[in-house]
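Subject: Handing over a structure

Dear colleague,

I am passing on to you the structure below, which you have not worked with before. Please look through it at your own pace, and then read the notes that come after it.

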Amino acid sequence: MSVNTERFFEEVITVKWGPEKKSVDIIDQTLLPGTVKRIQLTTKEEIWEAIKKLRVRGAPAIGVCAAYGLAVCAARIAQEEYDDFYREFQATREYLASSRPTAVNLFWALNRMEACVRLHAEEPVEIIKDLLYAEATLIRDEDVAISRGIGEIGVSLLKETRREGRPVGILTHCNAGTLATAKYGTATAPVYMALEQGWRPEEMHVYCDETRPLLQGARLTSFELHRAGVPVTVQCDNMASVLMRQGKIDIIFTGCDRVAKCGDAANKIGTATLAILAKHYNIPFYICAPSSTIDPDTPAGKDIPIEMRDPEEITSMWYEDRMVEEGIDVFNPAFDVTDASLITGIITEKGLFHAPYDFTGIHG
Ligand code: MRU
């Protein structure tokens, strides 16, 4: 891996413990790329607000942050009797679960923390608090290994698309990178793994969709890949088809917030449009996701709750002057659903899945 990439991974740790594990330490992603600032989250309200406002975002990172936050809050619960402790723990868990509705990893991580408490119900509360810190750390460490597994499958797909004399053109949407996970990202993992396997950075070129309205592609993905030394280009979302038509895109990797049982996948708004374009131009379209993103309790895409966000993100957030006249209705869903039939494959750490999707045993 290049010196730049190594340095980048040392600099950018999305979520970590604060001093003496009394807080959660995150990079405030709302300030990127201009300002790299770490903030400490101590109370449940601060953790909830950081997730809601996308200071920390991306499905796996939200899960890690919520698990760390729940451990920090549980450590402060004064009750020594298990039942009293459990009641307060549950109230905090439910509160954090209300921060964002679509990424299933949030609920998955919080449920794992709850299972840890219940499993050790016979232990003294002080021991349970230590076990919660250990469980949260494990969730984070597992995420690093999961990304590597996704990346290794992704590199084999990159090898298949490699052509003599020009870089492999990779298109991605939103940020499913380091900033959205514990280390390698999901959609970016194939790129980082390729570097680790000795590819030269110039053998790849990543095209980052700007990703309206919150600009995660422009502000975050291009930032992290550029810092890691990977050649990148940013284009507005509505320019992706031009790149495809020009033959610059060999493969598309995106992340995902929830995969339904039938393989329909919810990801950042604009992903479904890309998948439709990819089909037209015959470009392979892959979803990259940890197995925890596959939700056996959600039968199909129509059952995935889609977060609706503040109209202000479209009308005025990025502009000196308001760009939509007051009183005009605004539609701002944060995610869309890509039909399983449009997805070439779903890459998880447990393997590469194709339609018709059958995830039986994946959580076993
Ligand atoms: O609203 P965001 O920024 O949290 O949306 C993030 C995405 O849509 C990512 O693609 C997804 O969470 C996967 S991150 C590995």
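The notes below describe what was found, beginning with the cores and ending with the ligand.

Please keep in mind throughout that this is a predicted model.

The largest nonpolar core has 41 residues, and those with the most contacts inside it are Ile26, Phe85, Phe89, Met113 and Leu132. Among the elements that give two or more residues to this core are strands S1 (15-17), S2 (24-27) and S3 (38-41), together with helices such as H4 (82-97) and H6 (125-161), while H3 gives the most, with twelve residues. As for Phe85, and leaving aside residues up to four places away in sequence, its contacts include Ala74, Val117, Ile128 and Leu132. There is also a second, separate core of 39 residues, which includes Phe8, Ile170, Ala176 and Leu195.

The strands S1, S2 and S3 can be followed one pairing at a time. S1 and S2 form a hairpin with six residues between them, and Glu20 in the turn has a positive phi of about 55°. These two strands pair in the antiparallel sense over three bridges, with Trp17 standing opposite Val24. S2 is in turn joined to S3 by four bridges, again antiparallel, and here Asp25 stands opposite Gln40. In a regular strand the side chains alternate between the two faces of the sheet. In S2 both faces are covered, since Val24 and Ile26 on one side and Asp25 and Ile27 on the other are all buried.

Elsewhere, seven strands form an open sheet of mixed pairing, in the order S6-S5-S4-S7-S10-S12-S13. Its edge strands, each pairing on one side only, are S6 (232-235) and S13 (351-353), and the twist averages 25° from one strand to the next. Helix H7 (189-196) packs on this sheet, where it touches S4 (168-172), S5 (204-209) and S7 (251-254), and its direction makes about 160° with that of S5. At the S13 edge, S12 (345-348) and S13 run antiparallel and are joined by three bridges, with Thr348 opposite Gly351.

Finally, which residues are closest to the ligand? Of the 19 residues that surround the ligand, the closest are Arg57, Ala59, Arg100, Asn267 and Lys268. A polar side-chain atom of Asn267 lies 2.6 Å from a ligand oxygen atom, a side-chain N or O atom of Lys268 is 2.7 Å from an oxygen of the ligand, and for Asp257 the corresponding distance is 3.0 Å.

With best wishes

Terms used:
Residues are numbered from 1 along each chain as its sequence is written. This is a predicted model: local features need pLDDT of at least 70, side-chain atom pairs count only at pLDDT 80 or more; totals for chains, interfaces and linings use all residues. Side-chain values use heavy atoms; hydrogens and water are left out. A nonpolar core is a set of buried Ala, Val, Leu, Ile, Met, Phe, Trp, Tyr and Cys residues joined through side-chain atoms within 4.5 Å. Buried means under 20% relative accessible area, exposed over 50%, partly exposed in between (1.4 Å probe, protein chains only). Contact means heavy atoms within 4.5 Å. Two strands pair if DSSP finds at least two bridges between them. Axes are lines fitted to C-alpha atoms, for helices over the stretch in contact, and angles run from 0 to 180 degrees between N-to-C directions. A residue is near a molecule or strand if one of its heavy atoms lies within 4 Å of it. A polar contact is a pair of N or O atoms within 3.5 Å; within protein, one must be able to donate a hydrogen and the other to accept it, and residues adjacent in sequence count only if both atoms are side-chain atoms.
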